[in-house]
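Let's take a walk through a protein model together, moving from the whole chain down to single residues. Keep the picture open beside you and find each place as we reach it.

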Amino acid sequence: MTNTSTYSGRLGISECQYDEVKRLADTYSFEDIRQRVAELLEIHENDPNFPWTTIEKLKTFLLNKEIANNPEKYELLIQEIKIETALICYNSPYSQVRAVVDNYDDVNTPSSTIRAWAIGLAFSVLMAFINQLFSIRQPAIHVGNSVAQLLAYPVGVAAARVLPDWGITVFGYRHSLNPGPFSKKEHMLITIMSSVGSHTVYTNHIIWVQYLPQYFNQSYAGQFAYQILIGLGTNFIGYGLAGICRRFLVYPSYCVWPQSLVTIALNSAFHDGSEAPVRGPWGKWITMTRYKFFLCAFSIMFVYFWFPNAIFQALSIFNWMSWIAPNNVQLNSIVGFNNGAGLNPIPTFDWNNIIHQGTDPLMLPFFTTLNKFFGSFISMFFVLGLWYSNAWDTGHLPLNSNRVYDHFGHTYNVSRAIHRKSGLFDAEKYEKYSPAFLAAGNITIYVFYFSIYTATLTYALLYQRREVQRGFTEVFNCFWKSKRRTARQHYDVHNRLMSAYKNVPEWWFAIVFLFALVCGIAGVVGWPTYTSAGVVFFGIALCVVFLVPIGVIKAMTGVEVNLSILAEFIGGSMVPGNALAMNYMKAYGYVTCNHAINFSNDLKLAHYIKIPPRQTFMVQMVATLVSTFVGTSLLNFQMNRIPGVCTVDAPYRFTCPHINSFFTASVLWGTIGPQKTFGAGGQYSMTLMGFPFGVVLAMAFWYAKRKFQTQLWLRQVHPVVILAGAIYWAPYNIGYLWPAVPIGWFSWLYIRSRYLDLWSKYNFVLSAALSTGIAISGIVMFFAIQWLNIKINWWGNTISYRGCEANSNPCVIYPLAKGEYFGPRVGEFH
């Protein structure tokens, strides 16, 4: 019999689990194992999270007829297969999931309690209020659900100690103010409600640019009925789609959802008090509980974050090579962190920079971190090549800016290309002004965004067609009982445990979807938007096409494909000259898909913690309804009660930087339209070659993996994740991604392979502690320093912004003389 350490290197089994798995394996017959192995290969053969050595062993066992004819000669191999198969049925096949998710459940643990609803709704309202209020401030402040998760614990514990055991009995169930100790299910239910409230209503962006006089000045946008209808429409359509897609994105075991593991780790740190010691380096046994470890790491990060964020900002932007010659254009274009490519071996000591936009190396599988870095590294040469060759006149502009420029090299003034009153495109004014120009980093984003869309669909067709087919089969079979469906689902321990609870019927989500659809259509056609209801259907169609491929990639890798560029491109092309139509296309195409992904993640959280599905459904619906009304009501207060809001004279720095960017994008891609920029004769029409490139890249890696199956490194190559790294520019660069690589390697490869129990106990808790420490510290600093407009001016806070690294005046390789402009001459563009 093989020993425990052998399995630690294969499926990641820990010593404390081995005995139970061994007992379960002994109950399997030879035919049982063959059937289960066939199912496992069908599901996990192309799964980059599943160990390839195990896949090879399973294939050998299944395809070798000699084993079937003479099993007594292969007792050792059969025993290993039994143990590894038993582990997958006994627990999750992924060690990162087993590290934080329990493979057992107590159906009597309270979750949907009166106190959970009260605390959850309170945090949902509070977070919706805070995030909406400060979303228009420069800089903005956003309170994430990790803050609510942290603060909810002492509130819940206090409620369990103080509240009396008063209750009523309804339909045979007693509902008490205090049903006992504050449970982890209650805590997660509150976290899910807070997560819903933390997202601002996206359609509020549309209202801002419609209503305010400095934008489109459309007074009807100030009507609450119009605002709430389009808000409810975009928010609840996402729920309807997420619920219908549960069998694609929630139930399969390969849908790991790395982000959810950090949330669960924090939850477990608070509620799991008794923990066994684990073996660490040098043979030492570590007895510290996860809760104490969280408090230590949280406290250290809370204090440390004051230095890179306020006291010594050079630690955050450690562009030390730029300090040598801050005005050297060539040097800073390569090594600059603010305005260059960011090629620097030690670019930052700021954990917030490293985990920016979900790139946490402790959370994401290492192959995701490495693929993203590789994509960014390769695309760096594309950026530099464009700039140094002055392709598309990029040499006259900053290397890595996300702004849109005119032919003078100034920020594009959209008011000089539209009618003052209607906000529609004015061809005469445009021809007297300038085309829109993009910097090299921004062009790179568009090229690889176009690539990632086609690569995503091609990847789904080549790699995920079985999963998609199974999902549709499950949706079909949900109306008829299927023994095969039941058997397949029960291979996963979490599906097996969740079968103890009543599921949410598909028609519940269908009703939510139809309700949201009616709200969305009513908002579009009930007011003079000059937009047909068709834009709602086209937007939803875009989301439906991409939702499952994007969702599966996000669930397996932690990387989400953003549809905003494609929605802008299609919306602006379909209804040229109409910015509002383009905004609606983006809202119902991109935002609903983003909501559906986020809601699917919340459903997986509840699935892991074993919260009854109908309770999860109710808290999501109610929290969304409440937060939408809170955010929309506060929006009206902001628009009508804050003097000079969204102007340079606004009080409390409510200058609306994101709204200004949204308005600029509305005009450029809606009013002026992408046809003038990317269409036939447009200056960036060649960037459309990104669409076929994405297909070619996905097919090339697919062919390579089939041709060279013995090259194990190819299994860890993910073309979509590579392209996700290639679009990590303007204003970001390789300096944001590189620091994650050695950290991810140390955590996921070095520590995990040598000290599995240690890694399982502390890795995700550390990730949660560092992120939460940054969030709480950032909030305190916001009100203690930024709100009071306190400046800490000294060398350590200014050295990173000198010369070409200055935010206000980045260097260009081909500066213009006074009065000179580049590009086509006035009168040559239309």
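Which residues touch each other in this predicted model? Among contacts in the protein chain with a separation of 6 or more, 80% are between residues 24 or more positions apart. Keep that in mind as you look at the overall form. For 830 residues, a compact globule would have a radius of gyration near 28 Å, and the protein chain has 27 Å, so the two agree. Along the principal axes, the C-alpha atoms fill a box of roughly 85 × 65 × 55 Å.

Now think about inside and outside. Of the 830 residues, 59% count as buried, meaning that their relative accessible area is under 20%. The accessible surface of the protein chain is about 33600 Å², and carbon and sulfur atoms make up 63% of it. Charges are worth a glance too: there are 59 positive and 42 negative ones, and their mean positions lie 3 Å apart.

What is the chain built from? Its secondary structure consists of 38 helices and 6 strands. Let's pick out helix 30, which runs over residues 657-672. From the first C-alpha of its 16 residues to the last, helix 30 reaches 21 Å, close to the 22 Å expected at 1.5 Å a residue. Many names appear on the list of its buried residues, including Ile659, Phe662, Phe663, Leu668 and Trp669. Just after helix 30 comes Gly673, with a positive phi near 90°.

Positive phi values turn up in residues other than glycine as well, and two of them make a nice pair to visit. Trp282 has a phi of about 60° and sits in the loop between strand 3 (278-279) and strand 4 (285-286). Cys646 has a phi near 65° and belongs to the loop between helix 29 (613-641) and helix 30. Is each of them buried or exposed? With a relative accessible area of 78%, Trp282 is exposed, because the cut-off for exposed is over 50%. Cys646 has a relative accessible area of 6%, so this residue is buried.

One last stop is a peptide bond. Look in the loop between helix 34 (719-726) and helix 35 (734-737), where you will find Pro731. The bond joining Ala730 and Pro731 is cis, with an omega of about 15°.

Key
Residues numbered from 1 in each chain as written. Predicted model: local features only at pLDDT ≥ 70, side-chain atom pairs only at ≥ 80, totals over all residues. Heavy atoms only, no water. Helix = DSSP H or I, 4+ residues; strand = E, 2+ residues; numbered from the N terminus. Rg over C-alpha atoms; globule rule 2.2 N^0.38 Å. Buried < 20%, exposed > 50% of the residue type's maximum accessible area, 1.4 Å probe, protein only. Contact = heavy atoms within 4.5 Å. Areas by Shrake-Rupley, 256 points an atom, 1.4 Å probe, with all protein chains shown as cover. Lys, Arg positive; Asp, Glu negative; His and termini not counted. Charge placed at Lys NZ, Arg CZ, Asp CG, Glu CD. Expected span 1.5 Å × (residues − 1).
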